Amino acid sequence: MQPLDSFRMGTYVAPLGLWLTLDAGKFESVDVNTRTHVVRITLSPRTPDTQQASLHLEQPAKVTGVGTYRPRLQLTTERDAYTVSLKRTTTWIELTDSK
């Protein structure tokens, strides 16, 4: 998926019941492996005003066979959001479910 709205700060992955939103930063793309349920998020490069992204993960829909999603890497949290340090080029993180 490639968010096409002007803000590129939110997307819903319906097959997994996963709502992804950013308080800071922008999505470039969100890729879903339907076999392994791994979600790969690509974030836009950092800017002088945005050095970090703040990612919220919510699962409002309970989907059979899908566990709770978390980033594969250990990330700090602040105000219920994962903090992702952005790079000069695109930054990507993987989300995996705990099933």
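These legends go with a set of close-up views of a predicted model.

**Figure 1. The whole chain is built from strands, with 9 of them and 0 helices.** Reading from the N terminus, the elements simply go β-β-β-β-β-β-β-β-β. The C-alpha trace spans about 40 × 30 × 20 Å along its principal axes. For 99 residues, a compact globule would have a radius of gyration near 13 Å, and the chain agrees with that at 13 Å. Buried residues account for 38% of the 99. If you take the contacts with a separation of 6 or more, 60% of them link residues 24 or more positions apart.

**Figure 2. Five strands make an open sheet in the order 1-2-5-8-7.** The pairing here is antiparallel. Strand 1 (10–13) and strand 7 (77–78) sit at the edges, and each of them pairs on one side only. At one end of the order, strand 1 meets strand 2 (residues 18–24) through 4 bridges, in the antiparallel sense. At the other, strand 7 joins strand 8 (residues 81–85) through 2 bridges, again antiparallel.

**Figure 3. A closer look at strand 1 and its hairpin with strand 2.** In a regular strand, side chains alternate between the two faces of the sheet. For strand 1, Thr 11 and Val 13 make up the covered face, while Gly 10 and Tyr 12 are on the uncovered one. Gly 10 stands opposite Thr 21, which belongs to strand 2. The hairpin has 4 residues between its strands, and Gly 17 takes a positive phi near 65° there.

**Figure 4. Tyr 12 and Trp 19 pair up as tilted rings.** How many aromatic pairs does the model have? The count comes to 1. Its ring centres are 6.1 Å apart, with 50° between the planes. That angle is neither under 30 degrees nor over 60, so the pair counts as tilted rather than stacked or edge-to-face. Tyr 12 has a relative accessible area of 34%, which makes it partly exposed. Trp 19 is partly exposed too, at 32%.

**Figure 5. Asp 23 and its surroundings in strand 2.** Is Asp 23 buried or exposed? Its relative accessibility is 53%, so Asp 23 counts as exposed. Leaving aside residues up to four places away in sequence, Asp 23 touches Met 9, Ser 54 and His 56. Another residue to find in this view is Thr 83, 60 residues from Asp 23 in sequence and 10.0 Å from it in space, C-alpha to C-alpha.

**Figure 6. The turn from strand 7 to strand 8 holds Arg 79, a residue with positive phi.** Thr 77 has Tyr 82 of strand 8 as its bridge partner. Arg 79 lies in the loop between strand 7 and strand 8. Most residues other than glycine have a negative phi. Arg 79 is not a glycine, yet its phi is about 55°. With a relative accessible area of 70%, Arg 79 is exposed.

**Figure 7. Four strands make an open sheet in the order 3-4-9-6.** This sheet has antiparallel pairing as well. Its edge strands are strand 3 (27–32) and strand 6 (69–71), each pairing on one side only. From one strand to the next, the twist averages 25°. Strand 3 pairs with strand 4 (residues 39–43) over 5 bridges, in the antiparallel sense.

**Figure 8. His 37 sits in the loop between strand 3 and strand 4.** Here is a positive phi in a residue other than glycine, near 65° for His 37. Is His 37 buried or exposed? His 37 has a relative accessible area of 15%, so it counts as buried.

**Figure 9. Arg 40 places its charged end over the ring of Trp 92.** How far is that charged end from the centre of the ring? The distance is 3.7 Å. Arg 40 also has a bridge partner, Asp 31, with Arg 40 itself lying in strand 4.

Notes:
Residues are numbered from 1 along each chain as its sequence is written. This is a predicted model: local features need pLDDT of at least 70, side-chain atom pairs count only at pLDDT 80 or more; totals for chains, interfaces and linings use all residues. Side-chain values use heavy atoms; hydrogens and water are left out. Two strands pair if DSSP finds at least two bridges between them. Axes are lines fitted to C-alpha atoms, for helices over the stretch in contact, and angles run from 0 to 180 degrees between N-to-C directions. Rings of Phe, Tyr and Trp (its six-membered ring) pair if their centres lie within 6.5 Å; planes under 30 degrees apart count as stacked, over 60 as edge-to-face and the rest as tilted. Buried means under 20% relative accessible area, exposed over 50%, partly exposed in between (1.4 Å probe, protein chains only). A charge sits over a ring if NZ of Lys or CZ of Arg is within 6 Å of the ring centre and within 35 degrees of the ring normal. The radius of gyration is taken over C-alpha atoms; the globule rule is 2.2 Å times the number of residues to the power 0.38. Contact means heavy atoms within 4.5 Å.
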